[in-house]
Amino acid sequence: MGGSGLPGTLLQNIAEYAIMNLPVVVWKDFGLPHLSFKNPLVICVSFSGNTAETLSGFEVASAYKLRAIVAGGGTLLEQTLSRPDAGSAGSPAVGELSFAR
């Protein structure tokens, strides 16, 4: 997972430190964890866009039609933009932030 997992851990620590009533679950494995949240927002980060664990999580999120924000390029970006509900912000030369409603 390397550096791609850092943003999630940072967000989780900020949420805990700021005592926000916002559950943040960091998952650095294949697939997605079982969650009891009604409408989870899945955030997938992969600097290369080819991290196997991140691709696996995005595939599960897509299969369940979960909302997702994606930061990365490569295969992850291609899969995101192939969804009919996808949108995009940013420049592929600098980095891409995409989402699926």
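**Exercise 1. The nonpolar core**

In this predicted model, determine which residues form the largest nonpolar core and which elements give two or more residues to it.

*Solution.* Step 1: list the members. The largest nonpolar core consists of 9 residues, namely Val42, Cys44, Leu55, Phe58, Ala61, Leu66, Ala68, Val70 and Leu76. Step 2: assign them to elements. Strand S1 (41–46), helix H2 (52–63) and strand S2 (67–72) are the elements that each give two or more residues to this core. Step 3: find the main contributor. Helix H2 supplies the largest share, 3 residues. Step 4: examine one member. Apart from residues up to four places away in sequence, Val42 touches Leu32, Ala61, Leu66, Arg67, Ala68 and Ile69. Step 5: place the result in context. In soluble globular proteins, nonpolar side chains tend to be buried together.

**Exercise 2. A serine in helix H2**

Decide whether Ser56 is buried or exposed, and state what its side chain reaches.

*Solution.* Step 1: locate the residue. Ser56 belongs to helix H2. Step 2: compare its accessibility with the cut-off. Ser56 has a relative accessibility of 17%, and buried means under 20%; Ser56 therefore counts as buried. Step 3: list its contacts. Leaving aside neighbours within four places in sequence, Ser56 is in contact with Phe30 and Gly31. Step 4: identify the polar partner. The Ser56 side chain reaches the backbone nitrogen of Gly31 at 2.7 Å.

**Exercise 3. A nonpolar surface patch**

Identify the residues that make the nonpolar surface patch of about 370 Å², and describe the accessibility of Leu10.

*Solution.* Step 1: name the members. The patch is made by Leu10, Ile14, Met20 and Leu22. Step 2: place Leu10 in the chain. Helix H1, which covers residues 6–17, contains Leu10. Step 3: apply the cut-off. The relative accessible area of Leu10 is 51%, and exposed means over 50%; Leu10 is therefore exposed.

**Exercise 4. The salt bridge**

State how many salt bridges the structure holds, and classify Arg83 and Asp85 by accessibility.

*Solution.* Step 1: count. The structure holds 1 salt bridge. Step 2: name the partners. The side chains of Arg83 and Asp85 meet in a salt bridge, with an N to O distance of 3.1 Å. Step 3: recall the general principle. Side chains of opposite charge can pair when their charged atoms come close. Step 4: classify the partners. Arg83 is buried because its relative accessibility is 12%, whereas Asp85, with a relative accessible area of 23%, is partly exposed.

**Exercise 5. Positive phi values in loops**

Find where Ile19 and Lys65 lie in the chain, and give the phi value of each.

*Solution.* Step 1: consider Ile19. Ile19 lies in the loop between H1 and S1, and its phi is near 50 degrees, a positive value in a residue other than glycine. With 74% relative accessibility, Ile19 counts as exposed. Step 2: consider Lys65. The loop between H2 and S2 holds Lys65, whose phi is near 55 degrees, again positive in a residue other than glycine. Lys65 counts as exposed at 68% relative accessibility.

**Exercise 6. The chain as a whole**

Describe the order of the elements and the share of buried residues.

*Solution.* Step 1: count the elements. The chain has 3 helices and 4 strands. Step 2: give their order. From the N terminus on, they run α-β-α-β-α-β-β. Step 3: state the burial. Of the 101 residues in the chain, 32% are buried. Step 4: describe the surface. The chain exposes about 6500 Å², of which carbon and sulfur atoms supply 61%.

Methods:
Residues are numbered from 1 along each chain as its sequence is written. This is a predicted model: local features need pLDDT of at least 70, side-chain atom pairs count only at pLDDT 80 or more; totals for chains, interfaces and linings use all residues. Side-chain values use heavy atoms; hydrogens and water are left out. A nonpolar core is a set of buried Ala, Val, Leu, Ile, Met, Phe, Trp, Tyr and Cys residues joined through side-chain atoms within 4.5 Å. Buried means under 20% relative accessible area, exposed over 50%, partly exposed in between (1.4 Å probe, protein chains only). Contact means heavy atoms within 4.5 Å. A polar contact is a pair of N or O atoms within 3.5 Å; within protein, one must be able to donate a hydrogen and the other to accept it, and residues adjacent in sequence count only if both atoms are side-chain atoms. Patches are made of residues with over 30% relative accessible area and no salt bridge: like charges are joined within 9 Å, nonpolar side chains (Val, Leu, Ile, Met, Phe, Trp, Tyr) within 5 Å. Accessible areas come from the Shrake-Rupley method with a 1.4 Å probe; for residues, only the protein chains shown count as cover. A salt bridge is a side-chain nitrogen of Lys or Arg within 4 Å of a carboxyl oxygen of Asp or Glu.
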